[in-house]
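Here is an informal walk through a predicted model. Have the viewer open while you read.

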Amino acid sequence: MPERSLSSLMESVEAAYRLKKNVSIVGSGSKLSHFGLAQPGPDGGQLLSTLEHAGVISYDPTELVVRVKSGTLLSELELVLAEHHQRLAFEPPQLKGSGTVGGMLATAMAGPSRPWAGGVRDYVLGASLINGKGEHLNFGGQVMKNVAGFDVSRLLAGSFGSLGLITDVSLKVLPKPESVRYFKVPQPPSEFLQQAQQWYVQMSPVSGLAHDGEYGRVRIGGYTKSLDEFSVVHKLAADADGEEFWHRLQHLKGPFFETDELWRLSVPLWTDVPELHGHSMLDWAGAQYWVKGLAERELIRLADQHRGSLYACHGDGRFYPPLPDVTQDLHRRLKSAYDPAQVCNADHWISKI
Amino acid sequence: MTVVNQTPEASRSVWTRERALPLFRNALPESVIVSSPEELKPFECDGLSVYRALPLLVLLPENREQVVTIVNICAQHHIPLVPRGAGTGLSGGALAVEGGVMLTLSRMAKILHIDKQKLIAKVQPGVRNLAISEAVREMGLYYAPDPSSQIACSIGGNVAENAGGVHCLKYGLTVNNVQGLECVLADGRVISIGGECLDAPGLDLLAVLHGSEGMLALVTEVTVRLSPSPPAARTMLVSFAEVGAAAKAVASVIGAGIIPAGLEMMDQLAIRAAEDFAHAGYPRDAAAILLCEVDGLPADVEHETSVLAGLFDKAGATEVRIAKDDAERQTFWAGRKSAFPAVGRISPDYYCMDGTIPRCKLPDVLDGIARLSRQFDLPVANVFHAGDGNLHPLILFDANRKDELERAEAMGGRILALCVELGGTITGEHGVGLEKINQMCVQFSSTEIEQFHATKLAFDERRILNPNKNIPTLARCAEFGAMHVHDGQLPHPDIERF
């Protein structure tokens with residue numbers, strides 16, 4: 001049962017520490033191939049799944065806080081929140097139709113609302129961790145403001161299990177928008193981005209700006225009256241399959257993403273990259289591109305040119321540019337501070353620095 | 001097991017002013033160094049003036065290179081280094097340490113670059129919080145976090161404390177509004193973190209640096225995110241005959257799916273003090289008032305205002321006033337913003353606390369504070385950010401009367417322990433600094449505290465930066481005798497009790 005599950009997880013990590021045997025911490029495993037971790041490597045060691053450590057610990061809608069065990073499926077959490085007309089505003093992707101709350105924090109993947117709503121770390125209020133010594137630690141809490149001690153719970157966002165096993169997460173949740181509407185703009189990406197900037201630099205109900213190669217896609221959300229006003233003023237054409245489009249974009253589903261050679265490019269907002277036209281799905285108002293059909297060397301050049309970063313959603317999950325020496329050094333030191341025997345997720349590149 | 005009970009090397013500093021001065025004079029222009037006791041005086045405390053100590057020297061670098069030079073000298077000679085921004089902090093985080101120097105970033109105060117398409121600004125750490133908003137106002141933008149000291153506090157200090165403010169329930173804390181940092185590490189190396197992109201590969205170092213109270217690195221450049229100014233805002237002044245009813249109304253606002261831009265609460269003592277001081281038209285007979293502000297698109301603001309008016313009525317409000325214009329809105333806020341100085345007028349001294357609790361525990365915590373107030377025989381005025389459960393009880397006392405400061409401090413400690421008991425935290429936005437270091441032992445277990453020390457050492461293995469602040473040693477916790485019971489385990493089992 002849940003409590004036994006926590007203590008058995010602690011025992012497993014503690015034993016790994018004592019015996020210097022590696023453990024591979026996973027949730028549902030839905031994002032492994034996306035980050036090039038599909039094949040357990042030689043350093044993987046014992047598989048440690050959080051799936052049985054699941055369930056909502058506490059949720060009071062008027063607090064805007066939910067605390068859940070890490071093995072809880074995102075789909076289940078979202079159902080609980082939806083009953084109270086609330087949601088995770090950063091729209092975490094569920095790849096292959098699955099995903100856990102622990103995996104969400106460990107990978108820090110956020111959906112199309114990212115430029116407006118913020119990322120996973122912006123909604124983390126607290127987290128508990130079994131560090132690499134098997135010690136169970138609580139950081140942060142269940143309140144909106146908390147500056148006691150170092151902010152370890154946010155440090156866990158994007159840590160890929162390299163600092164230990166996340167056992168529970170406290171998240172800020174927000175009301176769902178009263179309604180959502182979708183529009184389609186027949187413009188090439190460059191013109192679309194230029195036009196859309198005005199909706200970012202002034203307050204507007206826009207909550208998504210994407211381009212599928214053919215159409216610019218606009219999503220707005222909020223109170224009906226403001227959405228009406230936006231629709232009247234900007235006279236955009238309604239997008240009949242908007243709901244399906246944004247759902248697929250959030251979860252990386254659909255024909256575009258059915259490929260074995262997907263890349264992800266992160267660049268500053270509004271970056272128009274003409275070389276990517278015809279090869280990419282633009283999201284995050286031009287700050288995130290999903291790319292296929294271009295040579296690695298060309299992608300590296302584009303990442304350099306636009307001062308961005310790149311990772312391969314296939315193969316070994318290689319990324320670019322490499323971290324500077326001083327940053328690598330801090331990663332090594334932090335890894336050792338949390339996992340001194342280097343046993344947690346040794347296959348991930350953060351552990352290998 | 002990390003070594004935490006050892007006296008940190010840097011704190012064993014044997015440096016004197018006479019010995020330290022030549023090291024810095026040889027490497028820096030004279031204008032950067034403050035060394036005479038008279039000139040050092042303004043640096044003897046931060047916003048928490050009950051703690052005072054003179055640094056050996058104050059260094060006022062004008063650029064990153066000088067920061068690196070200073071850090072290198074300190075690292076080489078094991079001289080403790082206390083970073084300081086504008087010195088407005090309220091927890092003694094920028095208090096000088098014995099035998100150490102102070103590095104003040106106030107001269108690095110240039111706004112380097114504003115990008116009005118990407119809504120970011122690159123600024124030096126000494127830039128004042130409000131100066132950022134002023135610089136971008138004409139573009140219809142502002143910088144959202146607004147700590148009450150925003151006219152004076154600096155952005156570097158905001159990062160160190162993860163400063164909040166009145167609007168953070170809706171717009172987030174400093175950590176949610178900073179996209180990049182350039183820092184000098186304790187070994188003099190420069191690191192660049194984040195920047196123009198919305199994410200970067202690797203661990204979220206940006207997150208752990210926020211609120212690290214100058215213990216991990218020195219911030220030399222900050223890339224902040226700007227926000228579009230809301231075209232409309234409405235403020236409501238809502239009165240209640242009972243504190244409990246006001247607290248319940250707060251929960252029902254959130255329950256209705258509305259996230260106000262600000263939701264502040266004041267009790268009767270605070271209301272009267274503020275009214276006498278600012279003449280904001282506050283109802284002197286009300287047991288509590290709420291100040292509730294909504295902002296955004298005009299249609300949304302109208303909608304939320306009408307929903308809220310109905311909701312407050314139902315919650316038993318004795319009066320709901322909606323500011324009819326911007327002038328009245330400013331008047332409503334003038335009372336709240338002057339609450340601290342107003343309380344300062346009715347009492348020779350006050351001690352401002354900063355606990356946070358889950359909103360649903362507001363009635364419990366207010367009962368508990370009233371009980372403690374009777375027990376310690378000191379009045380308390382409550383002013384707080386009700387929307388995010390962040391309390392600022394002001395304990396009134398007179399430092400000239402025997403025992404009163406000690407009683408106020410003891411009572412403050414009990415209030416913080418109560419916050420932890422109710423599922424909250426000892427500090428919402430002011431930081432731990434030196435002030436709340438004992439209460440850290442209440443909130444965290446010894447293994448958690450050890451993990452904090454290990455984190456500190458990962459950044460600063462010689463413990464040069466702001467030593468002995470923020471994270472207590474386990475020995476200190478044992479001495480303080482805090483009883484943190486964690487997962488049914490005894491507190492600090494590895495320490496002998498005495």
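## A cis proline and two odd leucines

P321(A) sits in the loop that runs between strand 18 (319-320) and helix 11 of chain A. The peptide bond joining Y320(A) to P321(A) is cis, with omega at about -5°. This is a predicted model, so treat that bond as a feature of the prediction.

Each chain also has a leucine with a positive phi. In chain A it's L64(A), where phi is near 60° even though the residue isn't a glycine. You'll find L64(A) in the loop between strand 3 (56-60) and strand 4 (65-69) of chain A. Is L64(A) buried or exposed? L64(A) is buried, because 22 other C-beta atoms lie within 10 Å and the cut-off for buried is 20 or more.

In chain B, look at L119(B), another non-glycine, with a positive phi of about 55°. L119(B) belongs to the loop between strand 5 (111-115) and strand 6 (120-123) of chain B. With 21 other C-beta atoms within 10 Å, L119(B) counts as buried.

## Where the chains meet

The contact between the chains draws on 67 residues of chain A and 74 residues of chain B. On the chain B side, several helices chip in with at least two residues each: helix 6 (168-171), helix 7 (205-209), helix 8 (243-255), helix 10 (298-314), helix 15 (437-443) and helix 16 (446-459). Helix 16 of chain B gives the most, with eight residues. Sorted by class, the side of chain B that touches chain A has 34 nonpolar, 27 polar and 13 charged residues.

## A helix pair across the interface

Helix 16 of chain B packs on helix 11 (residues 325-338) of chain A, with the axes 9 Å apart and an angle of about 160° between them. That angle makes helix 11 of chain A roughly antiparallel to helix 16 of chain B, since anything over 145 degrees counts as such. The crossing of these two helices is right-handed.

Which residues of helix 11 of chain A meet helix 16 of chain B? From chain A come L330(A), R333(A), L334(A) and A337(A), and their partners in chain B are A454(B), T455(B), L457(B) and A458(B). The class split for this contact is six nonpolar, one polar and one charged. As background, an α-helix has 3.6 residues a turn, so residues three or four places apart point the same way.

## Inside chain B: helices 9 and 12

Chain B has a helix pair of its own to look at. Helix 9 (residues 268-278) and helix 12 (residues 339-346) of chain B cross at roughly 95°, and their axes come within 8 Å. So helix 9 of chain B is roughly perpendicular to helix 12 of chain B. The helix 9 residues in this contact are A270(B), A273(B), A274(B), D276(B), F277(B) and A278(B), which meet A339(B), P341(B), A342(B), V343(B), R345(B) and I346(B) of helix 12. By class, that's ten nonpolar, no polar and two charged.

A270(B), I271(B), R272(B), A273(B) and A274(B) of helix 9 of chain B are buried. The cover over the buried residues of this helix includes strand 13 (262-267), strand 14 (288-296), helix 11 (326-337), helix 12 and strand 17 (380-385) of chain B. Over in helix 12 of chain B, I346(B) counts as partly exposed, because it has 16 C-beta neighbours inside 10 Å. The C-alpha atoms of I346(B) and D276(B) are separated by 9.8 Å, with their positions 70 residues apart along the chain. Just after helix 9 of chain B, H279(B) takes a positive phi of about 50°.

## The chains as wholes

Chain A has twelve helices and 18 strands, and chain B has 17 helices and 18 strands. Chain A has a radius of gyration of 21 Å, which agrees with the value near 20 Å for a compact globule of 353 residues. For chain B, with 498 residues, the globule value is near 23 Å and the chain has 23 Å, so that agrees too.

Along the principal axes, the C-alpha trace spans about 65 × 50 × 35 Å in chain A, while the C-alpha atoms of chain B fill a box of roughly 65 × 60 × 45 Å. In chain A, 54% of residues count as buried; in chain B, 58% do. Of the contacts with a separation of 6 or more, residues 24 or more positions apart account for 67% in chain A and 72% in chain B.

Terms used:
Residues are numbered from 1 along each chain as its sequence is written. Chains are lettered from A and ligands numbered from 1 in the order in which they are written. This is a predicted model: local features need pLDDT of at least 70, side-chain atom pairs count only at pLDDT 80 or more; totals for chains, interfaces and linings use all residues. Two residues are in contact if their C-beta atoms, placed from the backbone, lie within 7 Å. Helices (H or I, at least four residues) and strands (E, at least two) are DSSP runs, numbered from the N terminus. Ala, Val, Leu, Ile, Met, Phe, Trp, Tyr, Cys and Pro count as nonpolar, Asp, Glu, Lys and Arg as charged, and the others, Gly among them, as polar. Axes are lines fitted to C-alpha atoms, for helices over the stretch in contact, and angles run from 0 to 180 degrees between N-to-C directions. Angles under 35 degrees count as roughly parallel, over 145 as roughly antiparallel, 65 to 115 as roughly perpendicular and the rest as oblique. A crossing is left-handed if the near helix is turned anticlockwise from the far one by less than a right angle, and right-handed if clockwise. The radius of gyration is taken over C-alpha atoms; the globule rule is 2.2 Å times the number of residues to the power 0.38. A residue is buried if 20 or more other C-beta atoms lie within 10 Å of its own, exposed if 12 or fewer, and partly exposed in between; C-beta atoms are placed from the backbone.
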